[in-house]
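Biologist: I've got a new structure to look at with you. Let me ask about it piece by piece.

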Amino acid sequence: MRSFKPRRRSLSPTRAAAYERAMTRWGIATHGPPLSLDAVFGGPGPVVLDIGFGSGEALIELAEIRPDERVIGIDVHTPGVAAVLEAIEARGLANVRVAEGDALDLLGRIPARSVAAVRIFFPDPWPKRRQRARRLLRAEVVDRLVAILEPGGTVHVATDDQQYAGHVRQVCDANPLLRGGIVDRPAWRPTTRYEQRALDEGRASIDLLYISAESSDSDSSSALR
C-alpha cells in the first residue's frame, strides 16, 4: 500500500522545461534494474537515502555542508523535487540525485548493504486508525530498509507526532537487526519550515536513531555526527 497521496501540482512552462532538463541529468527512475551507485555518482562514497524530503531545505543544506556524502532524495511533491533540482544546478551539488515517486518502488533498485544512512524527516503520521496501514514505517518496510543498510548503517526518523514516534519505536524495536530509540535532537539537523511551524504550534520534534546490529562501538558513537 502506498504511504502517500500524489501531490502533482503543475509547474510553470519555464520551470517545467528546466525540470525535464535537470531530471535527465540528475534524476533516477523509481523503476528499473538494480542501480550501480558508484556509476550513478561517478565514484565511491557513503550513500544517504533521504525519503520524503518535502520542500528540500534539509536535504539541500546537508548536501552542501557534507559534500563527501552521496545523497539520493525521493519525494512525491513535484515542486519540492523541482526545488532540489534547481539547487543542484545553482549550487553545484553534484553529490545529489533525485527521484520522484514512491520510495517503496525505488528500494527495489538499491543494492543490499549499500546505504550508510536512511533519513526520514517528518513523514505523514496518518493519525486516523483507518489510515495507519499507509504509514511508511511499518514492519515490512523496516525490513527492506535494514536490507539496504551497510553494517553499522542508520535509520534516522524525526517527527512532531508523539503517537507516530511510539509507532516507530514499536516497529523498529521489533526488528532484531536494529538497536536504538529516541535520541537528543542533533544540532546538525536543519530546522525546516514544517518543523518551525510545528514548534510555533507547541509541538516539539522527536528524533529516533536506529543502528544496524552489526555496528561497532565506534559506529555507535559517530552515528549522530
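Biologist: Which residue follows helix 4, and what is the sign of its phi?
Modeller: Bear in mind that this is a predicted model, where local features need pLDDT of at least 70, side-chain atom pairs count only at pLDDT 80 or more, and totals for chains, interfaces and linings use all residues. Residues are numbered from 1 along each chain as its sequence is written, and side-chain values use heavy atoms, with hydrogens and water left out. Helices (H or I, at least four residues) and strands (E, at least two) are DSSP runs numbered from the N terminus. Right after helix 4 comes glycine 92, with a phi near 70°, so to your question on sign: positive.

Biologist: How far apart are the end C-alpha atoms of helix 4?
Modeller: The expected span of a helix is 1.5 Å times one less than its number of residues. With 14 residues (78–91), helix 4 should span 20 Å, and the model agrees, because its end C-alpha atoms are apart by 20 Å.

Biologist: What covers the buried residues of helix 4?
Modeller: Buried means under 20% relative accessible area, exposed over 50%, partly exposed in between (1.4 Å probe, protein chains only). The buried residues of helix 4 include Val81, Val84, Leu85 and Ile88. Counting contacts as heavy atoms within 4.5 Å, their cover includes helix 1 (13–26), helix 3 (57–65), strand 2 (70–75) and strand 3 (96–100).

Biologist: Which residue in strand 2 stands opposite isoleucine 51?
Modeller: Strand 1 (residues 47–51) is largely enclosed by the rest of the structure, because five of its five residues are buried. Val47, Leu49 and Ile51 point one way, Val48 and Asp50 the other. Strands pair if DSSP finds at least two bridges between them, and strands 1 and 2 run parallel with five bridges. Opposite isoleucine 51 stands isoleucine 74.

Biologist: Which residue in strand 7 is the bridge partner of histidine 156?
Modeller: Strand 5 (residues 149–159) is mostly covered, with nine of its 11 residues buried. Strand 5 pairs with strand 4 in the parallel sense over six bridges, while six bridges join strand 5 to strand 7 (residues 206–212), antiparallel. On the strand 7 side, histidine 156 has as its bridge partner leucine 209.

Biologist: Which residues have the most contacts inside the largest nonpolar core?
Modeller: A nonpolar core is a set of buried Ala, Val, Leu, Ile, Met, Phe, Trp, Tyr and Cys residues joined through side-chain atoms within 4.5 Å. The largest has 37 residues, and those with the most contacts inside it are Leu49, Ile51 and Val118.

Biologist: And how many residues are in the other core?
Modeller: Valine 118 touches residues including Leu145, Ile148 and Val155, leaving out those up to four places away in sequence. Apart from the largest core lies another, with Met23, Phe53, Val71 and Ala87 among its members, and its residues number 21.

Biologist: Valine 168 sits in helix 7 (residues 162–173); how far is its C-alpha from that of valine 157?
Modeller: Valine 168 counts as buried because its relative accessible area is 0%. Besides Val157, its contacts include Leu137, Leu208 and Tyr210. Valine 168 and valine 157 are 11 residues apart in sequence, and their C-alpha atoms are apart by 8.2 Å.

Biologist: Over which ring does the charged end of arginine 66 sit?
Modeller: A charge sits over a ring if NZ of Lys or CZ of Arg is within 6 Å of the ring centre and within 35 degrees of the ring normal. The charged end of arginine 66 is 4.4 Å from the centre of the ring in question, that of tryptophan 188.
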